[in-house]
Amino acid sequence: MQLRPLRHLALCSALCLISACASTPAPVKSADAHFKEGEAAYASRNYAEAIESWKKVKESDTVPGLTSQAELKIADAHFENKAYIEAAAAYEDFRKLHPTHPQAPYALYRLALSHYQQIAGTDTDQTPVKNAVATLEAFLGQYPRSEYAPELSGKLADCRDKQLAYENYVGNFYLRTEKYQSAIKRLNEALVRFPGLTRLDDTLFYLGKAYLKAGDVKQGKVVLQRLAAEHPGSPRNKEAAALLQKGFAGYSSQGG
């Protein structure tokens, strides 16, 4: 009979011990530990996991220097994961939060690349091209002697070529849909905006054709002769010469 109180006491003790263990909080990881976990995940190309770890560093906000590093690392992880829209937003946020940070030039460099990587075809939304040009010009204006400058100069030239290609595309669309004055206006503006680019042979060809189709044979000939003079090696010259030889009356609206 004396065993029952002892059993009761033992049971109570066990319950108290379990309760004490259950109420013991789990150890909290430091911001540094989360940062290192993020680095390890990034090195293994587990970019989503890396981002989650670095977000915890941001949330802790206990070590300002580490927090800014984590913000930039998150942008880099998005970039390496080819999530360029998210990367652009993260690099832009970093620049706004830390305009004088030593890594601000790098963030602008990567922001420009994030926009550049979003560029698709000529017949798609041209916003990424516009954004890329703006950021590329901003970088080269601020950091003309940067190690990244040669690379970005090449990409800026490519973007401008793409912009001219789009203007030619739109101008030719107006031409094919018989909106000749719209084509003439658009293509003349392109000549002013993009002097010296190789695709101007297409611009001049479509412009000359638009003048001919609009009935302005004199101006059409002037433009097509300019094409021959400024771009003697262009494949467009053969068709342009045929147009000049036959004149507007013999021109086939199905051409080009």
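In the predicted model, E178 is exposed, with a relative accessible area of 57%. This residue lies in the loop between α8 and α9, the latter helix covering residues 180-193. Although E178 is not a glycine, its phi is positive, at about 65°. A positive phi, near 65°, is also found at R45, again in a residue other than glycine. R45 belongs to the loop that joins α2 (31-43) to α3 (47-60). With a relative accessible area of 65%, R45 is exposed, because the cut-off for that class is a value over 50%.

Helix α8, which precedes the loop of E178, spans residues 149-176 and includes Q163. The relative accessible area of Q163 is 16%, and Q163 is therefore classed as buried, the limit being under 20%. When residues up to four places away in sequence are set aside, Q163 touches V129, V133, R193 and F194. One of these partners, R193, is the residue at which α9 ends.

A second buried position is provided by S114, for which the relative accessibility is 0%. S114 is located in helix α6, formed by residues 104-116. Its contacts, not counting residues up to four places away in sequence, are with F79, Y84, A87, A88 and Y91. Helix α5 covers residues 84-97, and the partners of S114 include Y84, A87, A88 and Y91.

Helices α6 and α8 also pack against each other. Two packed helices are described by the angle between their axes and the distance between the axes. For α6 and α8, the axes come within 12 Å and cross at roughly 30°. The two helices are therefore roughly parallel, since angles under 35 degrees fall in that class. The crossing of α6 and α8 is left-handed. On the α6 side, the contact is made by Y109, L113 and Y116; on the α8 side, the residues involved are E151, L152, K155, D158 and C159. By class, five nonpolar and three charged residues take part in the contact of α6 with α8, and no polar ones.

Among the residues of this contact, E151 was examined individually. E151 is placed in helix α8 and counts as partly exposed, with a relative accessibility of 32%. This value falls between the limits of under 20% for buried and over 50% for exposed residues, which is why the intermediate class applies. Apart from neighbours within four places in sequence, E151 is in contact with Y109 and L113, two residues that α6 contributes to the contact with α8. Along the chain, E151 and Y109 are 42 residues apart, while the distance between their C-alpha atoms is 10.0 Å.

Helix α5 supplies a further partly exposed position, D93. The relative accessibility of D93 is 42%. D93 and A75 are 18 residues apart along the chain, and their C-alpha atoms are separated by 9.3 Å.

Technical notes. Residues numbered from 1 in each chain as written. Predicted model: local features only at pLDDT ≥ 70, side-chain atom pairs only at ≥ 80, totals over all residues. Heavy atoms only, no water. Helix = DSSP H or I, 4+ residues; strand = E, 2+ residues; numbered from the N terminus. Buried < 20%, exposed > 50% of the residue type's maximum accessible area, 1.4 Å probe, protein only. Contact = heavy atoms within 4.5 Å. Axes fitted to C-alpha atoms, helices over the stretch in contact; angles between N-to-C directions. Parallel < 35°, antiparallel > 145°, perpendicular 65-115°, else oblique. Left-handed = near helix turned anticlockwise from the far one by under 90°. Nonpolar A, V, L, I, M, F, W, Y, C, P; charged D, E, K, R; others polar.
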